[in-house]
Amino acid sequence: DGGGAFFKDTATPQCDEIFKGQATTYRSKTSYPTISAQCWGSILHGVLPEFHGLTNKIIETTPYPENSPYPSIFRVARESMPDAELASFVEWNPINIGIVENGFNITKVTGSDDKNVAERVVDYLTDNTPTLMFVQFSEPDEIGEKYGFGTDLHLASISSMDILIGKIYDKLEQKNLLDESLFIVTADHGGINKTHGGNSDAERYVFLGIAGKTVTNGTIIDAESRDVAAIAAYALGLE
């Protein structure tokens, strides 16, 4: 959350290794307005905000409609794979309240902070093999809004998230799951000064990295955040 394209400006050795020889871009265009609910909604539902209709206020208390014509990737997966293990681990609880639907037997976990989220993901993976798993970290957005996006503290928070991403990736490797996994890292939005929501490049463009044994090495062209759900569906063999 709030990582934007600032990955390129700080040390991210784990992501550098994960996406070496894979597909990446620092120019994936996120949704507008560049607010978390609108952008995570696009990432998980594959449509622009004018279709999913989500805002930060709505998702704090209102479950996403289970019969919406714009389902999340979780609902798409569940309707085609009734026995699949699906999981959403977040630090920002409104995602699990108002973006990921209820009623589809999805494991939903909200951590006390980003380190706790990563620890709980690793513990979960010890005994579970999810078909689809989403993980969200919040610290870069919180630091950006308090101290400024692109500041040393903001960049350091992205480097800290890189360590947590590496722990999850390493756990998948320990379980010999990487050969059959598509591993995606992205951000919902960036920021400028101590804010976001606007249409500047610093707010609109985000990092997108995709790794897997069938992924072609190179720079991703013309990516948008809403593509992430479609890419995940394609990888799972879903419409």
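**Pocket, sheet and helix packing in a predicted model**

This is a predicted model. The largest pocket is lined by 49 residues, and Met133, Leu182, Phe183, Ile184 and Val185 lie nearest its centre.

Trainee: What volume does the largest pocket have?
Mentor: Its lining counts 49 residues. The volume of the largest pocket is about 1,400 Å³.

Trainee: Which elements give two or more residues to the lining of the largest pocket?
Mentor: Both helices and strands do so. The strands are strand 4 and strand 5 (183-186). The helices are helix 2 (36-45), helix 5 (73-80), helix 9 and helix 11 (227-235).

Trainee: How many residues of that lining are nonpolar?
Mentor: Set the others aside: nine are polar and five are charged. The nonpolar residues of the lining number 35.

Trainee: Strand 4 is also part of a sheet. Which strands are the edge strands there?
Mentor: The sheet is open, has three strands and runs in the order 3-2-4, with parallel pairing. An edge strand pairs on one side only. That gives strand 3 (107-110) and strand 4 (132-136).

Trainee: By how many degrees are neighbouring strands of this sheet turned against each other on average?
Mentor: Direction is ignored in this angle. The average turn between neighbouring strands is 5°.

Trainee: Which residue is the bridge partner of phenylalanine 89 in strand 3?
Mentor: Strand 2 (residues 86-90) and strand 3 run parallel, joined by four bridges. Within strand 3, phenylalanine 89 has as its bridge partner valine 109.

Trainee: Now strand 1. Does strand 1 run parallel or antiparallel to strand 6?
Mentor: Five bridges join strand 1 (residues 23-29) to strand 6 (residues 205-211). One pairing sets serine 28 with valine 206 of strand 6. The two strands run antiparallel.

Trainee: Which residue in strand 7 does threonine 24 stand opposite?
Mentor: Strand 1 is joined to strand 7 (residues 218-219) by two bridges, and these strands run parallel. Opposite threonine 24 in strand 7 stands threonine 219.

Trainee: Back to helix 9. Why is helix 7 called roughly parallel to helix 9?
Mentor: Helix 7 (residues 114-127) and helix 9 (residues 152-174) have axes 10 Å apart, at an angle of about 0°. Angles under 35 degrees count as roughly parallel. Therefore helix 7 against helix 9 is roughly parallel.

Trainee: How many residues of the contact of helix 7 with helix 9 are nonpolar?
Mentor: Helix 7 brings residues including Ala118, Val121, Val122 and Leu125, and helix 9 brings residues including Met161, Leu164 and Ile168. Of the contact residues, one is polar and four are charged. The nonpolar ones number eight.

Methods:
Residues numbered from 1 in each chain as written. Predicted model: local features only at pLDDT ≥ 70, side-chain atom pairs only at ≥ 80, totals over all residues. Heavy atoms only, no water. Axes fitted to C-alpha atoms, helices over the stretch in contact; angles between N-to-C directions. Parallel < 35°, antiparallel > 145°, perpendicular 65-115°, else oblique. Contact = heavy atoms within 4.5 Å. Nonpolar A, V, L, I, M, F, W, Y, C, P; charged D, E, K, R; others polar. Pairing = 2+ DSSP bridges. 1 Å grid on protein atoms, 1.4 Å probe; cavity = no way out; pocket = protein on both sides within 12 Å on 5 of 7 lines; lining within 4 Å. Points joined across faces, edges and corners; volume = space filled by probe spheres on them.
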